[in-house]
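Could you walk me through this structure, one selection at a time? I have it open in my viewer and would like to know what to click on and what is there.

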Amino acid sequence: MGLRNKKFAIGLVSVGALLLAACGGSDGDSAGGTETIRIARNNWTASAIEVEVVKQLIEANLGNPVEIVDIDENAMIPGMSTGDIDANVEVWPSGFTPDEQAFVDDGSVVNMGELGAIGKIGWFVTPNALEQFPQLSSWEGLKDPEVVKAFATAATGAQGRVLGMDPSFSQYEEPIVKNLKLDFKVQYSGSEAATQAEIIAATEAGKPVIMYYWMPSAAVGKYGLKNIVLPKPTVDCAAETDKCDGDYPEDVLFKVASAKLEAKDAKVFNFFKKFKFTTEDQLSTLGPVEIDGRPASEIAAEWIAANEATWSEWFK
């Protein structure tokens, strides 16, 4: 995907206290890992939360030090194939390219199974857009010259603007605009935080915004964003990006790990296979980070404290 240049605070005292309470009862057999585990953290909120859950659980229950590596999704899989990155727990299939799949096919990267969450990337509009232009109940409303004019900015001139996010994401906005023959231009905010700032500023100014976003996301609910359903593409957009002419598919998120990880530490490898973080888990944890501004590390520790019956099974 898809979440996303946020800075996430890590290491609060309260996190340590929660972890001590949640994980302090592990037996001596579960500790003792010595190899440093390097986990990729992508630039979106759910990834930050999940990586913190993984880090805290591995360190408390298996004893391995965990290093969080901030890396964009395009560099992550090649790094995993060489063993420089050990694992990532949230991959969006719609953005997983044939070049990346080749590393799975050659056995250097292992598909570790479904995460447990289902995601949907797409085009979303602010509520005032539908209020002003009811024709946007269909994507074809984007062809209306009055709609185009309403979404135009100083930078796009007479064309409407589709607000992309981080240009490093695997995304199809530019070919979609071109192949659906929309009089729009794609501009990139640079991050999830920047997109949210644009939503706030435009809403206060009474101006509609159409943007790349995804579900599950606390921001979709917070800002009342509405998904515009695009037509079903006539090609596989991941394989033929330049020809993409339709919507993103529903994504069953999955996990990946370096094939070298099993020999490096079999217990950690087994943990990643069993790790789950469902759509409901995401929705319950995204709000406190995205809306309340709390650290991902703190929310992860609270989730761990409340869900021992779930995560304890991952160490068996």
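Start by selecting Val91 and Phe254: Phe254, in strand 9, is the bridge partner of Val91. Keep in mind as you look around that this is a predicted model. Now widen the selection to strand 3, residues 87-91, and strand 9, residues 250-258. The two strands run antiparallel, and 3 bridges join them. Is strand 3 mostly covered or mostly open? Mostly covered: 5 of its 5 residues are buried.

Next, go to the loop between strand 8 (226-228) and strand 9, and pick out Leu230. Its relative accessible area is 5%, so Leu230 is buried, the cut-off being under 20%. Which residues does Leu230 touch, leaving aside those up to four places away in sequence? Show Trp123, Trp139, Ile176, Leu180, Gly246 and Asp247, and you have them. Then draw a distance from the C-alpha atom of Leu230 to that of Asp245: the two are 8.8 Å apart, although 15 residues separate them along the chain.

Now select the cysteines Cys237 and Cys244. They form a disulfide, with their sulfur atoms 2.2 Å apart. A disulfide is a covalent bond between the sulfur atoms of two cysteines. How many disulfides does a search of the whole structure find? The search finds 1. Turn the view to look at the S-S bond: the angle about it is 75°, and the link of Cys237 and Cys244 is right-handed. Cys237 is buried because its relative accessible area is 6%, which is under 20%. Cys244 counts as buried too, at 0% relative accessibility.

Aromatic rings are the next stop. The structure has 17 aromatic pairs. One of them is formed by Tyr212 and Trp214, so show their side chains. This pair is edge-to-face, with 6.1 Å from centre to centre and 70° between the planes. Tyr212 is buried at a relative accessible area of 0%, and Trp214 is buried with a value of 0%.

For a stacked pair, select Phe275 and Phe277, whose ring centres are 6.3 Å apart and whose planes differ by 10°. Phe275 is buried, with a relative accessible area of 0%, and Phe277 is buried at 1%. Now add Phe271, Phe272, Trp303, Trp311, Trp314 and Phe315 to your selection: ring pairs link these residues with Phe275 and Phe277 into a cluster.

Move on to helix 12, residues 279-290. How far does helix 12 reach from its first C-alpha to its last? It spans 16 Å with its 12 residues, close to the 16 Å expected at 1.5 Å a residue. Colour the buried residues and you will mark 9 of the 12, so the helix is mostly covered. Among them are Thr279, Asp281, Gln282, Leu286 and Val289.

Finish at Glu192, which lies in helix 8 (residues 192-204). Is Glu192 buried or exposed? With a relative accessibility of 0%, Glu192 counts as buried. Show the side chains of Thr45 and Tyr213 as well. The side chain of Glu192 makes a polar contact of 3.1 Å with that of Thr45, and another of 3.2 Å with that of Tyr213.

Key
Residues are numbered from 1 along each chain as its sequence is written. This is a predicted model: local features need pLDDT of at least 70, side-chain atom pairs count only at pLDDT 80 or more; totals for chains, interfaces and linings use all residues. Side-chain values use heavy atoms; hydrogens and water are left out. Helices (H or I, at least four residues) and strands (E, at least two) are DSSP runs, numbered from the N terminus. Buried means under 20% relative accessible area, exposed over 50%, partly exposed in between (1.4 Å probe, protein chains only). A polar contact is a pair of N or O atoms within 3.5 Å; within protein, one must be able to donate a hydrogen and the other to accept it, and residues adjacent in sequence count only if both atoms are side-chain atoms. The expected span of a helix is 1.5 Å times one less than its number of residues. Two strands pair if DSSP finds at least two bridges between them. Rings of Phe, Tyr and Trp (its six-membered ring) pair if their centres lie within 6.5 Å; planes under 30 degrees apart count as stacked, over 60 as edge-to-face and the rest as tilted. A disulfide is a pair of cysteine sulfur atoms within 2.5 Å. Contact means heavy atoms within 4.5 Å.
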